[in-house]
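Visitor: Please take a close look at the salt bridges here. Which residues pair up, and where do they sit?

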Amino acid sequence: MLELKAVNAFYGKAHVLNNLSFEVGRGKVVALLGRNGAGKTTTMKSIMQMIQPRGGKVTYQGQDITGWAPHRVAKAGLGYVPEERRIFTQLTVLENLEVGRQPAREGCVTWTEDMLFDLFPNLAERRGNRGKALSGGEQQMLTIARTLMGNPALVLLDEPSEGIAPVIVEQMANVILQLKHEGLTVLLSEQNLHFAQAVADSVVIIESGTQKFAGSLTELQENPEIRDAYLSV
Amino acid sequence: MGLFLAQLLTGLANAGALFMVASGLSLIFGVTRIVNFAHGSFYMLGAYVGWTLMQVLPGMVGFWGAILLAGIIVGLIGVIVEICVLRPVYSAPELFQLVATFGVILVIQDLTLMIWGAEDLLGPRAPGLKGIVRIMDEPVPQYDLALIAITPFVAFALWYLITKTRVGILVRAATQDREMVGALGVNQSWLFTGVFFLGCALAGLGGAVQLPKGGADLLMDFNILTSVFVVVVIGGMGSLPGAYLAAVIISVLNVFGVSYMPKSTLVLMFLVMVVVLMFRPFGLFGKEEVAGEHGQVGEPERPIKPAGLPVRLLVAVGLVLLGLIPILGSNFTEVLATDILIFCLFAASLHFMLGMGGLVSFGHAAFFGGGAYVAALFVTYAHTPMELALILAPLGAGLAAVIIGWVCLRSTGVYFAMLTLAFAQLLWSLVFQWGDITGGDDGLVNIWPSAWASSNTVFFYLTLVICAGGILLLRHAAHSPFGYALRAARDSARQAEAMGINTKRIQWVAFAFAGAMAGVAGGLFVFSKGSVFPNELEIARSFDALIVVFLGGVKTLSGGWVGGASFEAVKDYLTRFEYWRLALGLLIIGVVILAPEGIVGSLRKLGERLGVLNTGEDKR
């Protein structure tokens with residue numbers, strides 16, 4: 001469904017992604033693993049075209065989306081949940097959801113505010129509160145909910161477990177499984193291997209912008225040396 | 001009591017137009033982060049377009065229809081400007097766009113002059129509202145009462161649009177994080193264009209609605225700009241209730257000021273602003289700016305390096321060539337070169353503060369004009385000789401910068417910029433209205449150099465030595481530990497603080513230093529011209545320096561003086577033509593679009609591409 005072919009990305013002159021190539025199959029949850037600074041967020045942004053890759057190709061549902069404006073990528077059905085959350089702090093929870101709203105998309109779940117409040121009960125009671133009044137976990141939920149309002153076919157989840165309480169991390173894992181059950185495709189970036197193991201079908205490991213491993217979870221389990229070399233467990 | 005009430009009502013009526021223009025400016029800034037200097041021009045266009053429509057459309061319906069139509073037409077003109085001028089430069093470094101809007105001011109000024117002529121136009125009176133009402137025996141125009149009644153509706157409609165509709169939600173979201181709004185599937189270009197339409201339409205509406213009270217003239221654009229900036233800053237950037245309250249405060253204050261303190265009306269407005277910002281640095285209803293929350297925007301700054309031998313040689317050759325001007329050139333070139341040199345030092349001083357310090361000042365003319373006036377006042381009243389006056393000029397300007405910097409540096413970003421503008425205007429109004437001492441509009445005249453320097457040639461050499469020395473000193477400061485600390489404060493204030501750098505103090509010193517250097521230029525200026533007038537302190541003067549710094553290239557060390565030299569030379573040539581503003585405006589817009597890194601930056605890129613220059617990266 002989503003395919004990266006030899007994607008290269010730069011910040012100024014710094015080469016951040018080096019010939020990254022992997023695939024995310026329809027209905028799958030793929031975990032992009034790597035340490036801090038490995039290039040996970042850059043990969044996400046390059047897919048969204050928020051950073052224009054220099055060289056390489058990103059295709060989505062067979063369409064070459066390289067060089068598109070980010071809003072066009074989003075309209076094509078890719079939803080982006082940034083790591084820093086970036087909720088609109090001056091807007092209420094409901095207004096935050098409104099920003100994410102897009103028309104219904106064929107073959108995808110059409111999300112409503114009420115469905116999202118079922119998925120994230122904490123947000124329901126906070127619907128009138130401004131974003132800045134939310135806790136870190138609630139903000140994380142709101143970011144995901146806001147992206148789901150766009151009825152995406154594929155969600156890019158950038159480090160959803162970062163900086164939130166363990167009990168909410170567990171809740172996040174359940175949400176991701178539920179989304180997968182609903183037919184969503186997910187590309188998830190993580191440092192937390194346990195979290196990835198709980199939800200992912202396969203993993204891609206990157207280090208310094210270079211791909212080190214791609215395969216199923218079982219294959220990773222059979223190669224503990226890869227895990228030890230590139231992930232901090 | 002009756003008079004008091006009547007004046008209050010006049011103030012409230014005047015607040016209407018001011019509120020509309022200010023809310024438009026604040027809206028545009030919130031979403032696009034562009035300080036639209038041309039906003040006053042759209043206000044002026046609204047008045048002219050409305051006037052023409054009122055000649056054509058009959059009766060009461062025609063009158064109000066003309067006002068509405070003027071708003072829509074000006075909004076559409078704004079859309080054209082946004083699409084043709086601003087869209088190509090959104091990705092340029094922050095604040096670069098404001099240079100483009102300055103180009104727009106010049107173009108609109110001349111186009112208005114071409115279409116409607118230089119004569120002031122008397123606004124028609126509103127059909128059905130021509131009379132007066134007596135309130136406690138005081139006459140109050142019916143139209144004033146109509147305005148007082150209408151403005152809250154406009155304010156309410158705007159408030160509803162912003163708080164209750166999807167468009168409003170998107171606008172507010174984009175004000176905080178427009179990239180994220182884009183990633184959620186909203187086409188930012190159309191959002192920007194829409195906001196520009198709305199903002200400009202409001203300005204046009206403001207211009208048309210005040211026609212029966214003020215008519216239309218070619219000075220409207222700059223005249224309203226200051227008040228609008230003040231209103232936006234007092235109210236708080238992006239706050240509609242704030243803009244309304246501030247517009248009322250300023251308008252009422254003006255009405256009362258005219259009757260009770262006719263000599264200090266202009267000063268009053270800025271004093272209020274300074275007092276408000278002392279206690280609420282982000283305005284009455286403003287929220288703290290969270291600039292740079294998501295790290296640095298755009299490519300990282302390129303480190304500056306001390307000049308190598310070839311550059312030093314080049315500079316030496318350039319100075320020798322300059323020194324040959326009196327021998328090779330005519331008297332005219334000497335005078336022109338003197339002007340250019342002075343302007344270069346002025347521009348370089350702003351460039352130091354802006355480029356190295358990241359302190360965007362909209363009011364640098366305060367120190368140029370300030371230095372000029374200090375010298376002129378000493379010469380006029382104490383018969384100070386030129387040599388001493390040239391030393392007192394930077395001292396006076398520097399002292400002013402110490403005080404102004406202390407207040408302004410309490411805020412940051414656009415508030416800082418607006419505050420510096422307000423102080424420059426404060427100085428200007430002091431000079432302008434305190435005619436007994438400063439000569440007011442007539443300026444101070446007969447200030448000539450000492451006998452030994454009175455020939456054009458000697459004065460040129462004197463200017464060359466002082467200005468070249470000043471520019472080299474600024475350059476030296478950029479490479480000193482102080483310069484490093486200043487750039488650290490610019491790039492990451494927090495980390496710099498954590499390293500033990502007192503960023504505020506460093507910036508304060510830089511502000512004062514830049515002010516003093518501008519004072520040097522101002523002092524030289526007085527003696528080169530023999531006179532000084534309040535327009536050396538005007539907004540236009542500050543803007544000249546800003547344009548030059550941006551056109552030269554903010555991120556390059558030599559941007560200031562290169563920009564200064566090219567701008568002043570081009571201006572000297574263009575002002576010989578009737579519609580020079582149009583030409584200059586188009587030229588500025590052209591440079592902004594074609595060379596977004598400024599003249600020096602773009603030349604260097606070109607040089608690197610052709611392989612003439614190395615890329616400045618250290619080879620390891």
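Guide: A salt bridge here is a side-chain nitrogen of Lys or Arg within 4 Å of a carboxyl oxygen of Asp or Glu. Keep in mind that this is a predicted model. Over all chains, the structure holds 18 salt bridges.

Start inside chain A. Asp201(A) pairs with Lys180(A), and their closest N and O atoms are 2.7 Å apart. The two residues are 21 places apart in sequence, so this pair links distant parts of the chain. Lys180(A) belongs to helix H7 (residues 166-181) of chain A, while Asp201(A) sits in the loop between helix H8 (193-199) and strand S9 (202-207). How accessible are the partners? Asp201(A) counts as partly exposed, because its relative accessibility is 27%. Lys180(A) is partly exposed too, also at 27%.

Now chain B. Lys213(B) and Asp144(B) meet in a salt bridge, with 2.6 Å from N to O. Lys213(B) is in helix H8 (residues 211-214) of chain B, and Asp144(B) is in helix H5 (residues 142-164). The pair spans 69 residues and links distant parts of the chain. Lys213(B) has 35% relative accessibility, so it counts as partly exposed. Asp144(B) has 3%, so it counts as buried.

Another chain B pair joins Lys571(B) to Asp544(B), with closest N and O atoms 3.2 Å apart. Lys571(B) lies in helix H24 (residues 559-574) and Asp544(B) in helix H23 (residues 539-552), so the bridge ties together parts that are 27 residues apart in sequence. Asp544(B) is buried, because its relative accessibility is 9%.

Next, the interface. Between chain A and chain B the rule finds four salt bridges. One of them is Glu95(A) with Arg172(B), whose closest N and O atoms are 2.9 Å apart. Helices of chain A that give two or more residues to the side touching chain B are H2 (70-75), H3 (93-100) and H6 (136-148). That side of chain A divides into ten nonpolar, seven polar and eight charged residues. A network of salt bridges also links Glu98(A), Arg101(A) and Glu113(A) with Arg166(B).

What surrounds these bridges? In total, 25 residues of chain A are in contact with 21 residues of chain B. The area buried between the two chains is about 2,100 Å². Carbon and sulfur atoms give 59% of that area. Ten residue pairs across the chains are in polar contact, both residues being at pLDDT 80 or more.

Finally, a charge without a bridge. Glu190(A) is found in strand S8 (residues 185-190) of chain A. Glu190(A) is buried, yet has no salt bridge. What is the nearest side chain of opposite charge to Glu190(A)? That is Lys40(A), 7.9 Å away. The cut-off for a bridge is 4 Å, so a separation of 7.9 Å between the side chains does not qualify. Lys40(A) is nonetheless among the residues in contact with Glu190(A), leaving aside neighbours within four places in sequence. Others in that set are Leu32(A), Leu33(A), Gly34(A), Glu159(A), Pro160(A), Ser161(A) and Phe195(A).

How values were computed. Residues numbered from 1 in each chain as written. Chains lettered and ligands numbered in written order. Predicted model: local features only at pLDDT ≥ 70, side-chain atom pairs only at ≥ 80, totals over all residues. Heavy atoms only, no water. Contact = heavy atoms within 4.5 Å. Buried area = accessible area lost by both parts, 1.4 Å probe. Polar contact = N/O pair within 3.5 Å; in protein donor to acceptor, adjacent residues only side chain to side chain. Helix = DSSP H or I, 4+ residues; strand = E, 2+ residues; numbered from the N terminus. Nonpolar A, V, L, I, M, F, W, Y, C, P; charged D, E, K, R; others polar. Buried < 20%, exposed > 50% of the residue type's maximum accessible area, 1.4 Å probe, protein only. Lys, Arg positive; Asp, Glu negative; His and termini not counted.
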